[in-house]
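User: Hi! Could you take a close look at one part of this model for me, the place where two helices pack against each other, and then work outward from there?

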Amino acid sequence: MMTWFLVAAVVLATAAGDLFQTIGMKQGGEIHDFRPGALGRALGVVLRNRWVILSIGSFAVSFFAFLGLVSVAELSFAAPATAAAYVVETLLAQVVLQEQVGAARW
């Protein structure tokens, strides 16, 4: 039971982290100026974005849940089981971000 709870935690936290990161980075816009000062300002903008902060928190949950998972299950089970995050992320991209996901991507 604990194993599947940890799998679900990793999958959901990873998918949420990627979704939040995408939203936050799209708000920040593209970086066109790569001088050190401009990169520092861009980094400051990104690190103050609530979506990016949420993504960091989600990825931390995912990391620690994965550590817990590999402590109770074999890696040969944990890695493929948590790959379900790709399916959840694709669904979220389609539903939340309104991305077009055709048959070829599925």
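Analyst: Happy to. A word on terms to begin with: two residues are in contact when heavy atoms of theirs lie within 4.5 Å. Please also keep in mind that this is a predicted model.

With that cut-off, Phe66, Leu69 and Val70 of helix 3 meet Leu75, Phe77, Ala78 and Thr82 of helix 4. Sorted by character, the residues of this contact are six nonpolar, one polar and no charged. As for geometry, a pair of packed helices is described by the angle between the axes and the distance between them. Here helix 3 and helix 4 pack at an angle of about 145 degrees, and their axes are 8 Å apart. Their crossing is right-handed.

Working outward, Leu69 and Ala78 also belong to the largest nonpolar core, which has ten residues. The other members are Leu6, Val7, Val10, Val11, Ala65, Ala73, Ala81 and Ala85. At least two core residues come from each of helix 1 (2-28), helix 3 (50-72) and helix 4 (75-82), and helix 1 gives the largest share, with four. Ala65 is a good residue to inspect in this core: leaving aside residues up to four places away in sequence, Ala65 touches Leu6, Ala9 and Val10.

Next come some polar residues. Thr14 sits in helix 1 and counts as buried because its relative accessibility is 17%, where the limit is under 20%. Beyond residues up to four places away in sequence, Thr14 touches Phe59, Ser62, Ala85 and Glu89. With Ser62 there is a side-chain to side-chain polar contact of 2.6 Å. Thr14 and Tyr86 are 72 residues apart along the chain, yet their C-alpha atoms are separated by 9.0 Å.

Ser55 belongs to helix 3, and its relative accessible area is 2%, so Ser55 is buried. Its contacts, again not counting residues up to four places away in sequence, are Gly17, Phe20 and Gln21.

Finally, Asn49 lies in the loop between helix 2 (36-47) and helix 3. Asn49 is buried too, because its relative accessibility is 13%. Its side chain reaches the backbone nitrogen of Trp51 at 2.7 Å. Not counting residues up to four places away in sequence, Asn49 touches Gly24 and Gln27.

Notes
Residues numbered from 1 in each chain as written. Predicted model: local features only at pLDDT ≥ 70, side-chain atom pairs only at ≥ 80, totals over all residues. Heavy atoms only, no water. Core = buried A, V, L, I, M, F, W, Y, C linked by side-chain atoms within 4.5 Å. Buried < 20%, exposed > 50% of the residue type's maximum accessible area, 1.4 Å probe, protein only. Axes fitted to C-alpha atoms, helices over the stretch in contact; angles between N-to-C directions. Left-handed = near helix turned anticlockwise from the far one by under 90°. Nonpolar A, V, L, I, M, F, W, Y, C, P; charged D, E, K, R; others polar. Polar contact = N/O pair within 3.5 Å; in protein donor to acceptor, adjacent residues only side chain to side chain.
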